[in-house]
Amino acid sequence: MITVTRAGKHLGAEISGVDLSQPLDDDTFAQIASAFFDNEVVFFRNQTLTPAQQIAFTRRFGVLEAHVRKESRLADHDEIFVLSNKLDAGGKAIGAQDAGRYWHSDLSYKREPSMLSALYAVEVPIKDGVALGNTYFASSTAAYDALPDAMKQRVDKLRNVHSYREYRLKNYAAQQEDERRGIRTVQEHAPTPEQLASVPDTEMDVVRTHPVTHRKGLFINEGHTAWLTGMSRAESDAELAKLYAHITQPEFVYCHAWRVGDLLMWDNIAVQHKATFDYDPLPRLMYRTTVRGPAVV
Ligand SMILES: [Fe+2]
């Protein structure tokens, strides 16, 4: 029997009483899945997982993605995307260092965006006894519910374009600027023309109904949404800025302070998230698996 303890006002819960390295019976898995969709972000402390065990657990939720950034996949485990500021013997980044600079939902630029992501904490930077590199999660369903009715009716009709190309170019430019200012020490790989061409822009409704919970949420994010359709870029930027400010208000946010052995999963349809980079040069290493979701409309 698992225990679920709420961690944030609208989202986030700790699940205890389960060892994810072991095969789970159907009843236990159903309890975990139910807690996951109810809480949008759930985490398990003190896990000891091999990459194969993380893959086996998350695969029970659906088909796993292999990330478009091949150089950041774990050797021999294409389904694991490495997030790290560590370097290999040749001085190259072993994973994606600055994924998550902006509020975003993983792979939201795809025709079939991610349903959920799971992040396993292998190395957590600690300074003066305090964990660094917290991750913030914002509930876009709670944010939608809190909109005035007139605003709901307005956003219900809006569509937006998610663009991997614009995101990577924006992210890389921001990183180059950091380099110039001496903020970062690790040079991320520049996006290749093949990567930029491999994921076409995707247009979709701003309001998305969750396929499992049937809750409505705002499926826009500052990382991947390029523009709202049917208006000028300036109008779109202004409208998006207001909506982002609404979604990321503290009341809709849960902040996770990591511990080694945490396995944390979030619902990419219901929440968006953002990383913090306050730990360099202390080493951080996380393994991510990502489950494909249904196509957007
Ligand atoms: Fe992410």
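## Iron site

Asp106 is buried in this predicted model, and its relative accessible area is 3%. His273 is also buried, at 5%. Both values fall under the 20% limit for burial.

Asp106 and His273 serve, together with His104, as the protein donors of the iron ion. The donor atoms are NE2 of His104, OD of Asp106 and NE2 of His273, at 2.1 to 2.2 Å from the metal. Along the chain the donors of the iron ion are spaced as H-x1-D-x166-H. Asp106 belongs to the loop between β5 (77-84) and β6 (114-123), whereas His273 sits in strand β17 (residues 271-275), so this pair ties together parts 167 residues apart in sequence.

## Fold and dimensions

Seven helices and 18 strands make up the secondary structure of the protein. The radius of gyration is 19 Å, close to the 19 Å that the globule rule gives for 297 residues, so the protein is as compact as a globular protein of that length. Its C-alpha trace spans about 50 × 50 × 35 Å along the principal axes.

Contacts between residues at least 6 apart in sequence join residues at least 24 apart in 80% of cases. As for burial, 54% of the 297 residues count as buried.

## Surface and charge

The protein exposes about 12800 Å², of which carbon and sulfur atoms supply 53%.

There are 34 positive and 39 negative charges in the protein. The mean positions of these two sets are 3 Å apart.

Terms used. Residues are numbered from 1 along each chain as its sequence is written. This is a predicted model: local features need pLDDT of at least 70, side-chain atom pairs count only at pLDDT 80 or more; totals for chains, interfaces and linings use all residues. Side-chain values use heavy atoms; hydrogens and water are left out. Helices (H or I, at least four residues) and strands (E, at least two) are DSSP runs, numbered from the N terminus. The radius of gyration is taken over C-alpha atoms; the globule rule is 2.2 Å times the number of residues to the power 0.38. Buried means under 20% relative accessible area, exposed over 50%, partly exposed in between (1.4 Å probe, protein chains only). Contact means heavy atoms within 4.5 Å. Accessible areas come from the Shrake-Rupley method with a 1.4 Å probe; for residues, only the protein chains shown count as cover. Lys and Arg count as positive and Asp and Glu as negative; His and the chain ends are not counted. The place of a charge is taken as NZ of Lys, CZ of Arg, CG of Asp or CD of Glu. Donors are N, O and S atoms within 2.8 Å of the metal (3.2 Å for Na, K and Ca); water is not among the atoms, so sites may look incomplete.
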